[in-house]
Amino acid sequence: MTNTAKSDEATAERLERRWFAALKAASAARSECEDLLEVIERARSDWRAARLRLLKLEGLRDALGDALASIDAERDARARGDRADPDDGIGREVQSAA
């Protein structure tokens, strides 16, 4: 075997080893990408659920805030001595005591 043939064979073996190493690295990278995609999909799903919970809680907070504001307004009206709603019975009690 000539030096050129030995050199060509050695070059081919090195190239083949590099090809297998690249194949293995690409396979590992593909696996990592698939794992990360699953994580992203789970995170998106969790984000959507959290966002829905947030919207519901904000709605509840707003409704409770409105109810508290209404109670405060009624309390302030009573403290000022404003006449109460005639349908709630309070106005009649005040009128009959006079």
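A residue counts as partly exposed when its relative accessible area lies between the under 20% that marks buried residues and the over 50% that marks exposed ones. That scale is used throughout this tour of a predicted model.

Begin with the whole protein, coloured by secondary structure, where two helices and zero strands appear. Switching to a surface display, you are looking at about 8900 Å² of exposed area, 57% of which is supplied by carbon and sulfur atoms. Of the 98 residues in the protein, buried residues make up 3%.

Next, select residues 3-80, which form helix α1, and find leucine 23 within this helix. Add Trp19 and Phe20 to the selection, since together with Leu23 these residues make a nonpolar surface patch of about 340 Å². Leucine 23 itself has a relative accessibility of 45%, so this residue counts as partly exposed.

From the patch, turn to the charged side chains; the count of salt bridges comes to four, and three stops follow.

For the first stop, select glutamate 38 and arginine 42, which form a salt bridge whose closest N and O atoms are 3.9 Å apart. The two residues are separated by about one helical turn, because they stand four residues apart in helix α1. Glutamate 38, with a relative accessible area of 43%, is partly exposed.

Then select aspartate 72 and arginine 75, a salt-bridged pair in which the closest N and O atoms are 3.5 Å apart. Here the spacing in helix α1 is three residues, which again means a separation of about one helical turn. How do the two partners fall on the accessibility scale, exposed or partly exposed? Aspartate 72, at 39% relative accessibility, counts as partly exposed, whereas arginine 75, with a relative accessible area of 51%, is exposed. The assignment of arginine 75 follows because exposed means over 50%.

Finally, select glutamate 74 and arginine 78, whose side chains meet in a salt bridge at 4.0 Å, taken from N to O. This pair also belongs to helix α1, and its members are four residues apart, so about one helical turn separates them. Arginine 78 has a relative accessible area of 48% and is therefore partly exposed, while glutamate 74, at 41% relative accessibility, is likewise counted as partly exposed.

Key
Residues numbered from 1 in each chain as written. Predicted model: local features only at pLDDT ≥ 70, side-chain atom pairs only at ≥ 80, totals over all residues. Heavy atoms only, no water. Patch = residues over 30% accessible without salt bridge, like charges linked within 9 Å, V, L, I, M, F, W, Y side chains within 5 Å. Areas by Shrake-Rupley, 256 points an atom, 1.4 Å probe, with all protein chains shown as cover. Buried < 20%, exposed > 50% of the residue type's maximum accessible area, 1.4 Å probe, protein only.
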